[in-house]
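Visitor: I have a structure to look through and would like some help reading it. May I put some questions as we go?

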Amino acid sequence: MRLVVFIVFLVLYFHEYTPSFAQNTDNQLAIAFSATDFPIERSFTISLLIHNSDSRPTVAFPDIPGLVKQGLNRSTTRSEADGREVVDQLITQTYLATRAGTIRVPPFSLSVDGLTVRSSGTTLTVRAVSSPAEVAAALTAAKAKNDKQAAFLQTSVNQTVLYTGQGLQVRLSFLVADNYPYEVKFDQLEQQVATIVRKLKPANAWEENDNISELKGVPVVVNGRKYVEYRLYQSTFFFLATQTGAVRQITLPALPLTVSRQLVSTPVAAIPGSQSSPAAPAATSRAERVTFTSLPVNVQVRPLPRLSDVAMPGQMAVGTFRLVTDLDHNQVAVGQSVRYDIRLEGEGNIAGIQPPQIEASSEELDVFPPQVQSYIGRTGDQVSGYKSFRYFLIPKQKGTLTLAKRFFWVYFDPQSGRYDTLRPQTVLTVGEASDGLARGIVPSDTLDGTGRPSIYAGLEQIESTEQFINWPVLIRAMANVLIILMILGTLFVFARK
């Protein structure tokens with residue numbers, strides 16, 4: 001008797017969701033029904049699973065007496081099998097019952113790309129209204145499905161018109177209204193975002209990625225409505241110059257994101273991890289997969305104005321910058337090395353900053369190649385930081401050197417729409433060693449980037465016209481000659497005996 005009761009309980013437990021599958025010989029198509037016993041307020045669905053297909057076929061679902069067709073939903077799942085990508089599609093047709101009672105779904109067939117799958121049909125038991133709570137839940141769900149702004153995927157940018165080299169911040173967010181009656185779960189989010197990013201990245205642009213590693217909900221207000229925003233991806237792009245120098249129209253494409261959602265008894269913006277939404281109550285319906293698609297975004301990239309009076313190698317820096325200098329000492333002797341730091345800091349593409357320009361070399365000063373350091377950070381929607389250049393200078397003549405005449409740096413300011421030139425306001429006084437300044441060709445504190453004496457120390461004071469004698473090598477050569485003569489003398493003495 002206990003065994004019979006257990007079997008009856010098991011049958012009743014699985015009766016709420018009884019899928020009916022019908023497959024073709026290649027197992028590429030399958031039909032599934034939702035629960036066949038349901039209240040009249042709830043919908044009934046017929047789903048067609050298409051295995052290993054990335055096309056978008058048109059499927060004609062049957063007309064069923066007693067049911068009215070509602071929306072058609074499509075979702076796509078990507079996975080890997082045997083080292084290759086497999087794409088599965090799920091097409092779901094939603095029906096609403098027009099009356100309570102028993103409704104017969106007759107046998108039918110569905111065709112996709114020359115393949116046909118058949119179903120023997122089923123019998124539906126549609127129950128009348130059971131409680132006001134079910135009616136309210138059904139009405140809320142229907143309203144949420146028709147409200148396109150209750151949950152949506154959005155691609156946003158900080159500006160739609162910008163100059164070449166100027167930063168364009170791109171953000172992909174999923175927004176859920178506070179009164180959204182579904183619990184939403186992100187399925188295979190990492191794989192989906194990776195696919196989205198490949199489509200989103202524009203060509204011929206330098207990227208500074210914010211590297212979002214954790215999904216957090218942030219309360220925001222959009223058009224007077226409260227949402228919870230989940231940022232999936234955020235990055236800043238700096239468009240590089242092209243040879244044509246023409247205006248470019250960049251289109252960030254529409255992007256799909258598939259999530260699972262489940263109707264809950266109390267309308268909440270319930271995504272796990274949200275600090276502003278309460279805990280989701282028990283779900284009252286089975287989960288369904290829904291695909292949200294963002295709208296495309298158009299961006300215009302304008303070329304920089306022509307700059308004919310100054311020739312700049314490589315990419316022109318675009319942004320807001322300032323120049324900071326540091327000289328280890330302002331008074332040096334002729335031939336003495338001095339360290340000179342130039343730091344360019346501000347907002348823009350820090351990684352693309354080129355070294356300052358140096359006027360044509362003169363007989364007054366030698367400038368050695370710089371050591372470079374940089375730091376890149378983010379403030380709001382801007383990329384900021386600095387890039388420093390450490391030079392070693394060796395003056396060759398007595399007098400006053402104005403470094404503003406030796407160094408300069410040109411950049412483009414997008415706020416003013418003009419070029420600007422930064423020059424250091426540093427003056428170096430050079431005197432003879434007899435004037436009380438440090439003596440010697442190069443002082444001991446003239447070091448390279450590793451803290452060791454520079455290999456250029458005293459280079460200007462070496463006399464290259466005198467013949468150089470390497471005494472250790474000469475002594476070793478004379479000793480070798482004497483040893484050879486002694487060996488020959490010994491052999492001669494033995495030969496005479």
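Guide: The following exchange takes up salt bridges, strands, a surface patch and some backbone angles in turn.

Visitor: Before we start, what kind of model is this?

Guide: This is a predicted model.

Visitor: Then let us begin with charges. How many salt bridges does a search of the whole structure find?

Guide: The search finds 13 salt bridges. One of them joins Arg127 to Asp37, with the closest N and O atoms 3.0 Å apart. That pair links distant parts of the chain, since Arg127 lies in strand 9 (residues 122-127) and Asp37 in strand 2 (residues 37-39), 90 residues apart.

Visitor: Is Arg127 buried, exposed or partly exposed?

Guide: Arg127 counts as partly exposed, because its relative accessibility is 33%.

Visitor: What does Arg322 pair with?

Guide: Arg322 forms a salt bridge with Glu345, and the closest N and O atoms are 2.9 Å apart. This pair also links distant parts of the chain: Arg322 is in strand 21 (residues 319-327) and Glu345 in strand 23 (residues 338-348), 23 residues apart. Arg322 is partly exposed, with a relative accessible area of 48%, whereas Glu345 is buried at 13%.

Visitor: Which residues are joined into one network by salt bridges that share partners?

Guide: Arg171, Glu229 and Arg231 are joined in that way.

Visitor: And what about Glu214, which residue is its salt-bridge partner?

Guide: The partner of Glu214 is Lys216, with 3.9 Å between the closest N and O atoms. Glu214 is exposed, its relative accessible area being 52%.

Visitor: Now the opposite case. Which side chain of opposite charge is nearest to Lys387?

Guide: The nearest one is that of Glu208, 9.6 Å away. Lys387 is buried and has no salt bridge. Lys387 is found in strand 27 (residues 382-395).

Visitor: What lies 3.1 Å from a polar atom of the Lys387 side chain, then?

Guide: The backbone oxygen of Ile353 lies at that distance.

Visitor: Let us turn to strands. Which way do the side chains point along strand 17?

Guide: The side chains of strand 17 (residues 248-252) alternate. Arg248, Ile250 and Leu252 point to one face and are buried, while Gln249 and Thr251 point to the other face and are not buried.

Visitor: How many bridges join strand 17 to strand 20?

Guide: There are 5 bridges between strand 17 and strand 20 (residues 297-302), and the two strands run antiparallel. Within this pairing, Gln249 stands opposite Gln300 of strand 20.

Visitor: I also noticed an open sheet of 3 strands. What is its strand order?

Guide: The order is 24-29-30, with antiparallel pairing. Strand 24 (357-358) and strand 30 (418-422) are the edge strands, each pairing on one side only. Strand 24 pairs with strand 29 (residues 407-413) over 2 bridges, and Ile358 stands opposite Phe407 of strand 29.

Visitor: On to the surface. Which residues make the nonpolar patch of about 780 Å²?

Guide: The patch is made by Val481, Leu482, Ile483, Ile484, Leu485, Ile487, Leu488 and Leu491. Of these, Leu488 has its place in helix 4 (residues 471-496). Leu488 is partly exposed, with a relative accessible area of 49%.

Visitor: By way of contrast, is Tyr95 buried or exposed?

Guide: Tyr95 counts as buried, because its relative accessibility is 0%. Tyr95 belongs to strand 5 (residues 84-97). Its C-alpha atom is separated by 8.8 Å from that of Ile64, 31 residues apart along the chain.

Visitor: Last topic, the backbone. Where is Gln188, and what is its phi?

Guide: Gln188 is found in the loop between strand 13 (182-186) and helix 3 (189-200). Its phi is near 50°, a positive value in a residue other than glycine.

Visitor: Why is a positive value worth a remark?

Guide: Because most residues other than glycine have a negative phi.

Visitor: What is the phi of Asn204?

Guide: Asn204 has a positive phi of about 60° although it is not a glycine. Asn204 is found in the loop between helix 3 and strand 14 (205-209). Both loop residues count as partly exposed: Gln188 has 40% relative accessibility, and Asn204 has 36%.

Technical notes: Residues are numbered from 1 along each chain as its sequence is written. This is a predicted model: local features need pLDDT of at least 70, side-chain atom pairs count only at pLDDT 80 or more; totals for chains, interfaces and linings use all residues. Side-chain values use heavy atoms; hydrogens and water are left out. Helices (H or I, at least four residues) and strands (E, at least two) are DSSP runs, numbered from the N terminus. Buried means under 20% relative accessible area, exposed over 50%, partly exposed in between (1.4 Å probe, protein chains only). Two strands pair if DSSP finds at least two bridges between them. Patches are made of residues with over 30% relative accessible area and no salt bridge: like charges are joined within 9 Å, nonpolar side chains (Val, Leu, Ile, Met, Phe, Trp, Tyr) within 5 Å. Accessible areas come from the Shrake-Rupley method with a 1.4 Å probe; for residues, only the protein chains shown count as cover. A salt bridge is a side-chain nitrogen of Lys or Arg within 4 Å of a carboxyl oxygen of Asp or Glu. Lys and Arg count as positive and Asp and Glu as negative; His and the chain ends are not counted. A polar contact is a pair of N or O atoms within 3.5 Å; within protein, one must be able to donate a hydrogen and the other to accept it, and residues adjacent in sequence count only if both atoms are side-chain atoms.
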